[in-house]
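This briefing goes through one structure by topic, beginning with its ligand site and then turning to its strands. Please keep the sequence and the model at hand while reading.

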Amino acid sequence: MLHIGLTGGIGSGKSSVSRRLAELGAVIVDADVLAREVVEPGQPALEQIRERFGDAVFGADGALDRPALGRVVFGDPQALAALEGITHPAIWRRTAQTFAAARASGTRVGVHDMPLLVEKGMAGEYHLVVVVDTDEDTRVRRLVEDRGMPEAEARSRIAAQATDAQRRAVADVLLDNNGTPDDLVAAVDRVWRERLVPCADHLADEVPARAPQDLVLEEPDPEWAATAARVMARLRHRLEGLAVTVDHIGSTAVPMYAKPIIDLQVGVASLEDADSAPFVQAVREGGWPRIEAITEDTPKGANRGRQRWAKRYHLGTDPAVPVHVHVREVGSPGWRWALLLRDWLSAEPGARADYRAEKERLAAAGLRRAEYAAAKEPWFDSVHERVEAWACETGWSPSGAPGPTGA
Ligand code: ADP
């Protein structure tokens, strides 16, 4: 099941989006609704709240007095942590149960409607994050006119949340809601059809995103780094305890003239970790199935022919974002070379110009994408000594490596 995080600032129109997604067939878990359900009469969390906070936060009818509780925890981090320690486990349990039931009944898309997704740093937990984006003044006007909220309260609530820029940074899909409600529904329908359903299908069938077979080279795109950062957050989340390093590598990381493919490198302590059942399950569920046929890199420079540079190789399933994941042992020559080549190209304009000229030469020769990778090897060999000399001169060491590298 494709797991989507849906968020947006207060008054952005998130509820309208989640309603439409439900109509289209998604199962929705609304974090606010669950937060209220776990403190309904008869719920275990309610008794725990009474033990911790006393009768003062209960009304005469025995129900929780939410405003009174709000006043008790407001500005008191310890009290807030105690309250969350009671309610959060119950909320997470229900969330997991609802999604598990949806998955078991064959639902293809599960949506977590989560106002505080950004504030809680949860973006990495989802296959995709959808953000509803609406100008602050429009949101204030709608909160005042539709919900009867005083303007000052609307503004102070907005100020207490993450900024629009913070939300945009984690958005795989940005839904603009400055237009009419019909515009919003049309935008949701389009995203459903063009992005969410294809993504869910590829994930379920473990079909990698298809990069164009013809060799397409593009000028550097400022979006590459942001896209890579979002996918890396997902890899780090899924591979917690299994991945030692996660880095954006390759030409899109430099960035320079390149195929628009996000190459990522996961460093593992041992390739045995990459072959372990938890790793294989985590990458499959995350949407990066393993390509069994590829198990090594071509060694560079003087090592050519004398060493094996073993790796594991995975492809992303989001059809909109071609992602290649190279899994290599931390400190191994192949792991180090990927980082070194990236940093050398980033630091040396002349190196970028030479590499670009080689790419253009190969593209002009009419190479297909599949032939292109192998055809670049002689160029890597030809620059290997230059790259190592640069590493020596600059005292380069691979960032993200644990401890001394001996490089
Ligand atoms: P959120 O759930 O993000 O806090 P809502 O979905 O409740 O926000 O939207 C806030 C208010 O704005 C609601 O009253 C909603 O009906 C209204 N609204 C949402 N989208 C639009 C729109 N495109 N045009 C006009 N009003 C809208």
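A polar contact is taken here as a pair of N or O atoms within 3.5 Å. By that criterion an oxygen atom of the ligand, 3.0 Å from a polar backbone atom of Gly-13, makes such a contact. The model is a predicted one, and its single distances are best read with that in mind. The chain has 407 residues, of which 46% count as buried, and its secondary structure comes to 16 helices and eleven strands. Along the principal axes, the C-alpha trace of the chain spans about 80 × 45 × 45 Å.

**The ligand site**

- The ligand is surrounded by 15 residues, and the closest of these are Gly-11, Lys-14, Ser-15, Arg-147 and Asn-177.
- In character, the shell around the ligand divides into nine polar, four charged and two nonpolar residues.
- Backbone atoms face oxygen atoms of the ligand at further points: a backbone N or O atom of Gly-11 lies 2.8 Å from a ligand oxygen, and a backbone N or O atom of Ser-16 lies 3.4 Å from a ligand oxygen.
- Taken alone, the ligand exposes 560 Å², and the protein buries 79% of that area.
- Helix H1 (14-24) and helix H6 (136-147) are the elements that give two or more residues to the shell around the ligand.

**The four-stranded sheet**

- Four strands, in the order E6-E7-E11-E10, form an open sheet whose pairing is mixed.
- Strand E6 (245-249) and strand E10 (312-315) are the edge strands of this sheet, each pairing on one side only, and the twist averages 20° from one strand to the next.
- Strand E7 (residues 262-268) pairs with E11 in the parallel sense over seven bridges, and within this pairing Asp-263 has His-324 of E11 as its bridge partner.
- E10 pairs with strand E11 (residues 323-329) in the antiparallel sense, over four bridges.
- Opposite Tyr-313 stands His-326 in E11, while Leu-315 stands opposite His-324 in E11.
- His-324 therefore appears in two of these pairs, as the bridge partner of Asp-263 and as the residue opposite Leu-315, in keeping with the general point that strands of a sheet pair through backbone hydrogen bonds, either parallel or antiparallel.
- E11 is mostly covered, since six of its seven residues are buried.

**The loop after E11**

- Ser-332 is found in the loop between E11 and helix H13 (333-347).
- Is Ser-332 buried or exposed? Ser-332 counts as buried, because its relative accessibility is 16%, and buried means under 20%.
- A polar atom of the Ser-332 side chain lies 2.6 Å from the backbone oxygen of Glu-329.

**Strands E4 and E5**

- Strand E4 (residues 128-133) and E5 pair in the parallel sense over four bridges, and the bridge partner of Val-132 in E5 is Leu-175.
- The side chains along strand E5 (residues 173-176) alternate, with Val-173 and Leu-175 pointing to one face, where they are buried, and Leu-174 and Asp-176 pointing to the other, where they are not.
- Leu-175 thus combines two of these features, being the bridge partner of Val-132 and one of the buried residues of E5.

Key. Residues numbered from 1 in each chain as written. Predicted model: local features only at pLDDT ≥ 70, side-chain atom pairs only at ≥ 80, totals over all residues. Heavy atoms only, no water. Pairing = 2+ DSSP bridges. Axes fitted to C-alpha atoms, helices over the stretch in contact; angles between N-to-C directions. Near = heavy atom within 4 Å. Polar contact = N/O pair within 3.5 Å; in protein donor to acceptor, adjacent residues only side chain to side chain. Areas by Shrake-Rupley, 256 points an atom, 1.4 Å probe, with all protein chains shown as cover. Nonpolar A, V, L, I, M, F, W, Y, C, P; charged D, E, K, R; others polar. Buried < 20%, exposed > 50% of the residue type's maximum accessible area, 1.4 Å probe, protein only.
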